[in-house]
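Q: Please take me closely through one part of this model, strand by strand, and then carry on to whatever else is worth a look. I would like cut-offs along the way.

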Amino acid sequence: MLRSLTFVVLLLASAISLAADRPNIVFIFTDDHAPHAIGAYNGWLKDVNPTPNIDSLAKQGMLFQNSFCTNSICGPSRAVIQTGKHNHINGFMTNSDRFNGDQQTFPKLLQKVGYRTAMIGKWHLETTPQGFDFWQVLPGQGDYYNPFFLTPNGRVKIDGYCTDLVTDMAIDWLKEGDNSDQPFMLMCQHKAPHRTWMPALRHLTLYDDIEIPEPATLFDKWEDNASPARFQEMEIDRHLHLVADVFGPRPEGFDINQESTDRSGIKNLERMTEEQLAAWNAAYGPRNEALLKANLTGKDLVRWKYQRYIRNYLRCVKGVDESVGRLMQYLHDAGLEENTIVIYSSDQGFYLGDHGWYDKRWMYEESFKMPFIVKWPGVIKPGSVNSELIQNLDYAETFLDVAGAEIPADMQGKSLVPLFKGEPTEWRDSLYYHYHEYPSVHMVAKHFGIRTKQYKLIRFYQFDEWEFYDLENDPEELTNQYSNPKYASVVTELKKELDELRSQYADNTDISVMPADWQKKFRP
Ligand code: SGN
Ligand code: CA
């Protein structure tokens, strides 16, 4: 009897010490935050110093230079992260799908090994979150001001600015768990800096005193691309709406309901309190007046729209960066810093005027890339940079590995833990990508492709076209070398490898060419 009691006590003690050893996981995830809008990524916006707190995570941890998504769009990226599987396997291929929450997800598996889990903020998988001890999520895209949140007890409206509210809720949840001896996994997921880029009141005039640099490709005409690049609907010039997207001057009698653009920004202004709206109008009013007087047209007007757009975007990023700072401060004050792994990432990259665009979806670098910065005290060497090819497909496996849980054989990615530890390890030398949403908002044709460290091959199958880029010599992807004989053997090699990836990942989705008369419909 005594002996078996001792055994139970020993067993309990070892379970507790195991729990104490296992790190907590804080996953900070934003929407549409391109790596080149993070100081630590050293892009053309670095001199604006947009993200001191996120940069500080990189100084204390590891920055992944070659981090990519499998499908550059919100819901699908999140579904990949939940499952560690490509979208054609997890069933969430486009933003109009609904996530089957009954399937295996990493939060459920973490719960099984004793983790407390929480999901706060933008979810965007449409069905009720599963695998979380606590969840409070934005419905759909969510609103910037005075947003609704869905909770297990129904919908609540909470006054304030979304990024700040999500941060408050995350900190409150951490506080509630202060006395728990279970390790935790927190997904703190912001709406910002998603369209329609509405900054916090305290940031409304930030950057007004500086000109933000322009991307080198702001006036790209996509002359060398396959045809889909010329038929998209995501140009700063022709598609970014002067009123609905960047809150420019409203023409007499303006009615958002008559406009063929997204209405969410203007609708959100209508839900602001009087004080919020007064501050908003005071910030934008005078500059809108000045625009009316200046009577800009052509490239000058594009430049004005770009400046308003990028300032608002970076103001939203500033809100996120402050949130990261607050969360890190809390971990420090609560004595949790040492045993917590912190990750900063975003669901895909984004065009910040690059190639003349906003939005994402393409396999081109700006939208294909995802930020991935990870800090793990005592494990990751501070200030390290990793250049292996990683994907959001790897996150679930990584979290399970960090927690000491088994990685199910049907997950399709690889744990990043060996890379974190700087251990020698066999790594992949190519990545697979597949975007499935067309025709749809922004009109980016479906495509799949392969990327190695040096090359990229893309197939726009609906229109039976290919692109090939030599990334080392042409990082901005301005010269499509698909038909250049110099690259013929590389292209052949990559096609073979692409076929192998498609069968390795079991992608059997329809990749047929559109009938010619259909193609014409989209090529007026
Ligand atoms: C909305 C946006 C689009 C965006 C999609 C997908 N319009 O339709 O610009 O591409 O979402 O974005 S908005 O004015 O409502 O923001 S995603 O991040 O959810 O994939
Ligand atoms: Ca997104």
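A: Helices (H or I, at least four residues) and strands (E, at least two) are DSSP runs, numbered from the N terminus. The model is predicted, so local features need pLDDT of at least 70 and side-chain atom pairs pLDDT 80 or more, while totals for chains, interfaces and linings use all residues. Residues are numbered from 1 along each chain as its sequence is written, chains are lettered from A and ligands numbered from 1 in the order written, and side-chain values use heavy atoms, without hydrogens or water.

Let us settle on the open sheet of 4 strands, whose order is β13-β14-β15-β16 with antiparallel pairing (two strands pair if DSSP finds at least two bridges between them). At its edges are β13 (431-435) and β16 (465-470), each of which pairs on one side only. On average, neighbouring strands here are turned by 15 degrees against each other, direction ignored; axes are lines fitted to C-alpha atoms, for helices over the stretch in contact, and angles run from 0 to 180 degrees between N-to-C directions.

Start at the β13 edge. Although β13 is an edge strand, 5 of its 5 residues are buried, so the rest of the structure largely encloses it; buried means under 20% relative accessible area, exposed over 50% and partly exposed in between (1.4 Å probe, protein chains only). Both faces of β13 are covered: one side carries L431, Y433 and Y435, the other Y432 and H434, and all of them are buried. In a regular strand the side chains alternate between the two faces of the sheet. Moving inward, β13 runs antiparallel to β14 and is joined to β14 by 5 bridges. Within that pairing, L431 of β13 has R451 of β14 as its bridge partner.

The loop between β13 and β14 is where P439 is found. The peptide bond leading from Y438 into P439 is cis, and its omega is near -5 degrees. Most residues other than glycine have a negative phi, and most peptide bonds are trans.

Now cross to the far edge. β15, made of residues 455-460, pairs with β16 in the antiparallel sense over 6 bridges. Here F460 of β15 stands opposite E465 in β16. The loop between β15 and β16 holds D464, a residue that has a positive phi of about 55 degrees although it is not a glycine. With 46% relative accessibility, D464 counts as partly exposed, in contrast to the buried residues of β13.

What lies across this sheet? Helix α13, residues 488-504, lies across β13, β14 (447-451), β15 and β16, where contact means heavy atoms within 4.5 Å. Relative to β14, the helix runs at about 110 degrees.

Two backbone features of the sheet's loops have counterparts elsewhere. A second cis peptide bond joins A192 and P193, with omega about -5 degrees, and P193 sits in the loop between β8 (184-189) and α7 (264-270). Positive phi turns up again at H124, where the value is near 60 degrees and the residue is not a glycine. H124 belongs to the loop between β4 and β5 and is buried, with a relative accessible area of 6%. T127 is found in the loop between β4 (116-122) and β5 too; its relative accessible area of 18% makes T127 buried. Leaving aside residues up to four places away in sequence, T127 touches R98, F99 and G101.

Another buried residue to look up is K375, at a relative accessible area of 3%. K375 is part of strand β10, residues 372-375, and beyond its neighbours up to four places away in sequence K375 touches L57, Q60, G61, M328, E337, T340, I341 and V342.

Finally, visit the calcium ion (ligand 2), coordinated at 2.2 to 2.8 Å by D31 (OD), D32 (OD), D347 (OD), D347 (OD) and Q348 (OE1). Donors are N, O and S atoms within 2.8 Å of the metal (3.2 Å for Na, K and Ca), and sites may look incomplete because water is not among the atoms. Along the sequence, the donor residues are spaced D-D-x314-D-Q. D32 lies in the loop between β1 (24-30) and α2 (52-60), and Q348 in the loop between β9 (340-346) and α10 (365-368), so this pair ties together parts that are 316 residues apart in sequence. Both D32 and Q348 are buried.
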